[in-house]
Structures are given as structure tokens and as C-alpha cells.
Amino acid sequence: MKLSKFPRLVQKEILDNMEMLDIFLVSFLSKNMKKMIKLSQISRFKTINRVVYGYYPFQDNRAVVIPFPMAEHLEEFIKRRKEAKNEYFQLNVSGNEMDFRLPDKGKYRLYDFPEASFDKSDQESVLKSIHYYLLDFFGDSVDYQLSTNYYAHLIPKLPHLSVCVTFNLSVLHDMKSFEDFLSSTPVLKRIQMHVCGTKKRLSPESKLYQAEYIRTIQHDPHFPAVLRHFQGRQAFLSFAKCEDLELIEFVKRWKSGEAFQKLEYMKIKMTDNKPPRYEVLNAVGVKYTDKTKQPPTHTLAKVFITGDCKPYTDPIISHSYVVRESDNRVASVSIHRNELNFGVWNKTEDEFLKLMD
Amino acid sequence: MSSTEQGTSSAAPAEPTTAPESAAAPEVPESFYYVHGKDKVVHKVSAGALQHSALIHGMISNLGYTEEQAKANPFPFENIDGDILQMVVDWCNQHKGKPTPPEDTNLPKQKEKLFDLVLAVNYLEIKELLTYCCKQVAMMVKGKSPEEIREIWMIPTDAEDEAAEKEAKKRAGKEAAGETAAAAGDAK
């Protein structure tokens, strides 16, 4: 069966029915095949909004996930290389001959790219080769993200590459190296962190607060002080302890336009069984929509789909809302059980109220 | 499923047997048409079954043939092997008037048969069957290494592509030179 003998439209239909991993493998077979894939899969590639280099595959149809080990996982990849020598094949990636194997199926899905085998010293050059190959494939309108952790040393500066960091600060002692790490990262997209009783402080200008998306589990709102200094779009915070006063201050600063200009969504969860009191709403001067009408539902596509696999933020259906003084934008506020949810609308108060007509 | 008789190479088509249709008799008598492939075996197929093929449907929609005229003028598909056309006719009969299922597991497993079926189905413009076939072709390389894929789909290397391109250019050059010489000869 000679694929090239099929008419172009048939070749396209065949490729349309292939998984991304197989498409990549075919692209390595010849320049002509790569060209044909790029031409025929334009509409499919347009649906992809990010390429993630990481260790764990995850469920997000808009993402292409490339297996790439960081620090502690690298040993595992090297060990596998020794045990399964016969499974490897060579591919020429951006001019470099490298060894690969077909990836294992992860918990939710298969990786979209073969798994590279390399020594620690080659980590950066391997990532560079793969990154340039993919840049050529998908172009620079896609987000390229390196998913890593604080203990990883490799943060290469490559064009269009941003960093998503996950770390546990219970073992963090040296704040300077932590800040150095943050400032050395090219662009911080996402941060997931677990802070356990650390009484440290970060500079309000820390790059941590500039991440687009942050998810934390922390003892109190002071480290990191996301509730005060966050400059990104979406935050999911879980506190063991948080005073009402701190919640009130957050909403008031948003209302005044003094901070959180880019904020779209914030979820604050209390884990100490002391839910925020409804007095918070009065203290921040909430307004109420007509109680006889169903309030509009606020929900957004998440910047990142994490472990819960939910592509959208939890809906906020609340009669309570606040208005930002600087531009008259509205945010729905709700207190439900042990959570405070805050969702910003891209609407003025009049536009927002019309949603209920 | 349609049954067939071996056709002859004469102009008159062999007398085909009628394909058994669905159990319930249609209220309006259905019109039938006749098709044959490279082997000249004639298949009698209902207009309803042929609706799957955009090509044939377009050809017959304005003909208004009587049964006798249809029998006397079978559609020749000389580019399609008889056994492949038989598969196509069977599929059209099986799926006549029914919504097509998301998958079809009755497609040929042998590479070459599937290859010929894809070309025939593409030519006859049977969209759903083409989708099934393409899915099956795609499945052939699932979980395979690059070199295994190269072997299954006979994908040439860059060097082979370059050599073929050079050869094609050389041939085109020769042909052009031949035409020029012939034209010069004619002029004399």
C-alpha cells in the first residue's frame, strides 16, 4: 500500500483519523511527509493552544503533551533505557540524531510524542532540538510550556517557551535561591505550590505574583501573599487560616482599581472549618440583583486544566456583586460553605444587569 | 447482498440476478440500475442503495431509464476490480436507507484490498465508506515504530524522493526534446 498513490483528499482523511503521536512519527519519515502533514492538518493544528513538555500526561484536548523528564524523573528514563534497549529507534530531530521509544499510556491519555532517551548532560540540547522541531510544526502562536519543579535546574531560555512550576515549600530554607529561581525563569505561566508553615516573606514584586495562573495550598494568606499582590488572571487558593478582614481588603482593593486589574477569577477555600462570614459581603459594600430573577452564571475557561480535569471554573450563581470604580466592571461574589468565589465579568454594571432581562 | 453472474465481454450484459432487498416490500416499485467493473460482472443495484455514491447518484438522477433501458446500459467502471466493486455494492445494499454506524468492522484486512477499496470508494464518492476505510488505513500504523510505518505505507526516504524527482525531470526533459524534434520534422 503506497500512501503517496492516494489522492490528496484521501491522504488528508487518513491523517485526520490519526492520533497526534502517529502524525509526529510519520512527519519524521521524510521532508515530503512533514510538508504534507503541515498542509493538510492546518485546521487541526489551529485547535491546539499549547504544547507542554512534562512528565505527566493530562487530559486537555487543546494541548499537545510531550514526555520530558525533569531532574528526579530523569533517572527513571535512563533506567528504562537500559532495560528496554530493543524498544528504541532513532529519529533526526532538528538535525540531531536521537533515540526514542513509543511512550507508555498515562493515567488519562497517551503522550503525543515519542519519549526521548538522553543523558543528564544532554537534557538542554534535547529539549532545544524538540522545541525547534515543534515550533516549526505549530508556529509561534501556540504557547510552549515547560512543566517543572523548583528543584529542577534546567530552565533553558528558548524562544516562545514559558514555565509552569509545581513545588512544595515545606522543605524550602533558602529564600534567596527561591527568588533567584523565579527571576531566572523566562516567562512564568502557572504556579502550583504547597506551603507548609513557612514564615517567610516574598518581595511584592516577586515574579511569583506575575504568573497567569496560581494554585496554592498554604497555611495563611501571608506567604505567598497572593491575596494581596497577585497580578495574574486566575487564582485557586486554599488556606488553613484566613481572617475575614483579609478577604474584605482583597475585594476592596479590587473595587478601587488599586490592584488585580487582570483578575478574572479567584476561589478562596478555608480548610479549618471556619467558613467566611456573610458579614464580609456587607463590609465590602456588595450590591444585590433582583431576588425574583435568576442571577447570571459566571464561568470561564480555565487557563490551565489541572488534576480535576474540569475545563471551566466552577459556576458562580449569586445575587451579590461588586462594581469596580475605575471602569464600572462587575464581579460576582459568592460565599458558599467554606469558599469565597469571585468572578469578574467583562461587562459594565448596566450590561451585567441586562443579562437578567 | 447482491448476487452476480459472470459477465461476458460482449456488448450485451449478462443477465444478473436480483439482489434481495429488505423484508418489507416497498410500496412504490423501486428502480434498479446496473453496474460492472473490470471483470464485466454485472450487478443489479437499487437506486436507493446507489444513493450512497454521489457519483452514480448524479449520473442516474436525471436519466429516467426504464428497466429495459437500464439493463441495456450498465455503468462501466473499468478502473475498479470486480471483487472490489462487489464489496462496494454489498456495502451500499447493506446500508440502504439506514443511518451508517460509527464504525464498520467488515472492511478487508489485507493491505492491498483495502488500498483498492479506498481508491474505488473515493472515485465513486461514497463519503461514509471512505471515512471507514481511511480510519482503517490510519489504524494500520497505530503503535508502530517509524520504520514499521514506512514499510506498511511504503513511504520513500528523502534520498528516494530526490532520486525520483530527478528521474521525473529527466524524463520530462526527454519528452520535451522529443516533441520539439517531432515538431521540427513536421515543419520540414
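Helices, at least four residues long, and strands, at least two, are DSSP runs numbered from the N terminus. The structure described here is a predicted model. The model scores ipTM 0.77 and pTM 0.78.

## Chain A

Chain A has 357 residues, of which 36% are buried. Its secondary structure comes to 11 helices and 17 strands. The C-alpha trace of chain A spans about 70 × 55 × 30 Å along its principal axes. Among the contacts in chain A with a separation of 6 or more, 54% join residues that are 24 or more positions apart.

Two domains are assigned in chain A: domain 1 covers residues 1-47, and domain 2 is made of residues 203-208 + 219-357. The C-alpha centres of domain 1 and domain 2 of chain A are 45 Å apart.

## Chain B

The mean pLDDT of chain B is 82, and 83% of its residues reach 70 or more. Confidence in chain B is lowest in helix H3 (residues 67-72), with a mean of 81, and highest in H7(B), at 95. Residues 1-19 of chain B have a pLDDT below 50, and this stretch has 48 contacts in the model beyond near neighbours in sequence.

## Regions named in UniProt

Each chain has a region that comes from the UniProt record. For chain A, the unreviewed entry places "domain: F-box" at residues 1-48. For chain B, an unreviewed entry places "domain: SKP1 component dimerisation" at residues 127-170. The table gives the make-up of each region in the model.

| Region | Helix | Strand | Distance between end C-alpha atoms |
|---|---|---|---|
| Residues 1-48 of chain A | 67% | 0% | 31 Å |
| Residues 127-170 of chain B | 77% | 0% | 38 Å |

## Where the chains meet

How many residues does the contact take from chain A and from chain B? Chain A gives 22 residues and chain B gives 27 residues. On the side of chain B that touches chain A, at least two residues come from each of helix H5 (111-124), helix H6 (127-139), helix H7 (146-153) and helix H8 (158-187). The residues on this side of chain B are 14 nonpolar, 5 polar and 8 charged.

## The largest nonpolar core

The largest nonpolar core has 112 residues, and the members that touch the most other members are A:Ile66, B:Val88, B:Val121 and B:Cys133. Helix H4 (residues 82-94) of chain B gives the most to this core, with 7 residues. Domain 1 (1-47) and domain 2 (203-208 + 219-357) of chain A both give residues to the core, so the core lies between them.

One of the members named above, A:Ile66, can be followed further. Leaving out residues up to four places away in sequence, A:Ile66 touches A:Val51, A:Val52, A:Tyr53, A:Tyr111, A:Asp112, A:Phe113 and A:Ile130.

## Single residues in loops

A:Pro296 sits in the loop between strand S12 (287-288) and strand S13 (297-298) of chain A. Is A:Pro296 buried or exposed? A residue is buried if 20 or more other C-beta atoms lie within 10 Å of its own. A:Pro296 has 20 other C-beta atoms within 10 Å, so it is buried. Apart from neighbours within four places in sequence, A:Pro296 is in contact with A:Leu355 and A:Met356. A:Pro296 and A:Met356 are 60 residues apart in sequence, yet their C-alpha atoms are 6.6 Å apart in space.

Three further loop positions concern the backbone. Most residues other than glycine have a negative phi, and most peptide bonds are trans.

The peptide bond from A:Phe223 to A:Pro224 is cis, with omega near -10°. A:Pro224 is in the loop between strand S9 (213-218) and helix H8 (226-229) of chain A.

A:Asn328, a residue other than glycine, has a positive phi, near 65°. This residue, A:Asn328, is in the loop between strand S15 (320-323) and strand S16 (329-336) of chain A. A:Asn328 has 13 other C-beta atoms within 10 Å, so it is partly exposed.

In chain B, B:Glu125 also has a positive phi, near 55°, and is a residue other than glycine. B:Glu125 lies in the loop between H5 and H6 of chain B. H5 and H6 are among the helices that supply residues to the side of chain B that touches chain A. With 15 C-beta neighbours inside 10 Å, B:Glu125 counts as partly exposed.

Technical notes:
Residues are numbered from 1 along each chain as its sequence is written. Chains are lettered from A and ligands numbered from 1 in the order in which they are written. This is a predicted model: local features need pLDDT of at least 70, side-chain atom pairs count only at pLDDT 80 or more; totals for chains, interfaces and linings use all residues. Two residues are in contact if their C-beta atoms, placed from the backbone, lie within 7 Å. Ala, Val, Leu, Ile, Met, Phe, Trp, Tyr, Cys and Pro count as nonpolar, Asp, Glu, Lys and Arg as charged, and the others, Gly among them, as polar. Domain bounds come from an automatic or database domain assignment. A residue is buried if 20 or more other C-beta atoms lie within 10 Å of its own, exposed if 12 or fewer, and partly exposed in between; C-beta atoms are placed from the backbone. pLDDT is the predictor's confidence in each residue, from 0 to 100. UniProt positions are given in the numbering used here, feature names are shortened, and annotations may be inferred rather than shown by experiment. A nonpolar core is a set of buried Ala, Val, Leu, Ile, Met, Phe, Trp, Tyr and Cys residues joined through C-beta atoms within 7 Å.
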